[in-house]
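Q: I am new to this structure and would be grateful for a close look at a single part of it. Please set that part in the context of the whole chain.

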Amino acid sequence: MRSFRGALMVAGMALALSSAAAAQSGRTIRVIVPYPPGGSADVLARVLAQEINATDGVNLVIENRPGAGTVTATDFVSRQPADGNTVLIMSNSFVINSHMRKLNYDPLTSFAPVCNLVTSPNLIVVNANSPYKTFADFLAAAKAKPGELTISSVGPATTQHIGFLQLKLASQANITFVPFPGGAPAVNALLGDHVTAVYGNYSEVAEQLKAGKLRALAATGAKRMQMLPDLPTIAELGFPGYDVEVWLGTVVPTGTPQAAIDQLAKWFTDAMKVPAVRDKLVTLGLYPAGQCGADFTRLIRARDAEYAKIMSAAGIKGE
């Protein structure tokens, strides 16, 4: 009798495990990217999804929903079921937007942080045919021709926009900001000589730099970039303390079960530990961070307070 019951228990456990495995293998998770294809967030999402789909038996599907400075996608995700099947790839603009406009969601309460995946410095680049050979040349021209020189980037309400404001305040140079819905369109505008420079992420300009179509003037992070060790930072060029970098992470709607959040965090962090994935990301200037849970929550809140101060100093008021 005991052996019969034991056999039933074993069979039941096996059935439950096989059912769970079947459900897992058929699970589809939407990863919402608030930018057009081709930018850093999109590349990151696709690299990680490819690895996770191949090794964990799930189906991560990338959906690009650009618009309104990432608000379109963020608002969409805030209204999705809290079941762990909709994930937002977010960046600094996630908290910047709340200081610029009225939102239908609160970035600090409407979402549960999963992980800060990568950090990445930005560059200021010009067309290869530009007369500006150095960052000093660029700033001198901006001061000599107030308002005529333009810097494009993804924006508004993005890391690059905030970085531009910091630079404008520190240098006292009157440069015009030209926002685009994504980094790739901003770079295309530069290649077409429609703008003077781009404040962009390395992954968005890497191929054009290698091809000799663009020229880098300065890096925006606190340290020189691993991929461009000879490129000076803005801090080195006369603006000590200047440090602007992108962080790209994932969040889900508030109320998502902790088990689902933990599973997503494990998938993402495990994928970034794969040498081939890590090497590919670093080559693109995307440096794995892996801050999850409470650590990521603290980062979001700290940046929220920091950006509020910068925007107040720049005289930018919300709608």
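A: The account below turns to helix α8, after a short view of the whole and before a brief look at a second helix.

The model is a predicted one, and the protein in it has 11 helices and 10 strands. Its C-alpha atoms fill a box of roughly 95 × 40 × 30 Å, taken along the principal axes. For 319 residues, a compact globule would have a radius of gyration near 20 Å, and the 22 Å of the protein agrees with this. Of the contacts with a separation of 6 or more, 78% join residues 24 or more positions apart. Of the 319 residues, 51% count as buried.

Confidence should be considered before any detail is read. The mean pLDDT of the protein is 88, and 91% of its residues reach 70 or more. The lowest confidence is found in helix α1 (residues 2-25), with a mean of 40, whereas strand β8 (residues 214-219) has the highest, at 98. Over residues 1-24 the pLDDT stays under 50, and the model has 5 contacts beyond four places in sequence for this stretch. Where pLDDT is low, the predicted coordinates should not be read in detail.

Helix α8 spans residues 202-210, and 7 of its 9 residues are buried, which leaves the helix mostly covered. The buried positions begin with a run of Tyr 202, Ser 203, Glu 204, Val 205 and Ala 206, and they also include Gln 208 and Leu 209. An α-helix has 3.6 residues a turn, so residues three or four places apart point the same way.

What, then, covers the buried residues of α8? The cover includes the helices α2 (40-56), α7 (183-191) and α10 (275-283), together with the strands β4 (111-127), β7 (197-201) and β8. Among these, β8 is the strand with the highest confidence in the protein. Just after α8, Gly 212 takes a positive phi of about 80°.

Helix α3 (residues 71-78) may be set beside α8. Because 6 of its 8 residues are buried, α3 is largely enclosed by the rest of the structure. Its buried residues are Val 71, Ala 73, Thr 74, Asp 75, Phe 76 and Val 77. These pack against the strands β1 (28-33), β3 (86-90), β4 and β9 (245-253), and against helix α4 (93-96). Strand β4 therefore appears in both settings: the buried residues of α3 pack against it, and it is part of what covers α8.

Technical notes. Residues numbered from 1 in each chain as written. Predicted model: local features only at pLDDT ≥ 70, side-chain atom pairs only at ≥ 80, totals over all residues. Heavy atoms only, no water. Helix = DSSP H or I, 4+ residues; strand = E, 2+ residues; numbered from the N terminus. Rg over C-alpha atoms; globule rule 2.2 N^0.38 Å. Buried < 20%, exposed > 50% of the residue type's maximum accessible area, 1.4 Å probe, protein only. Contact = heavy atoms within 4.5 Å. pLDDT = per-residue confidence, 0-100.
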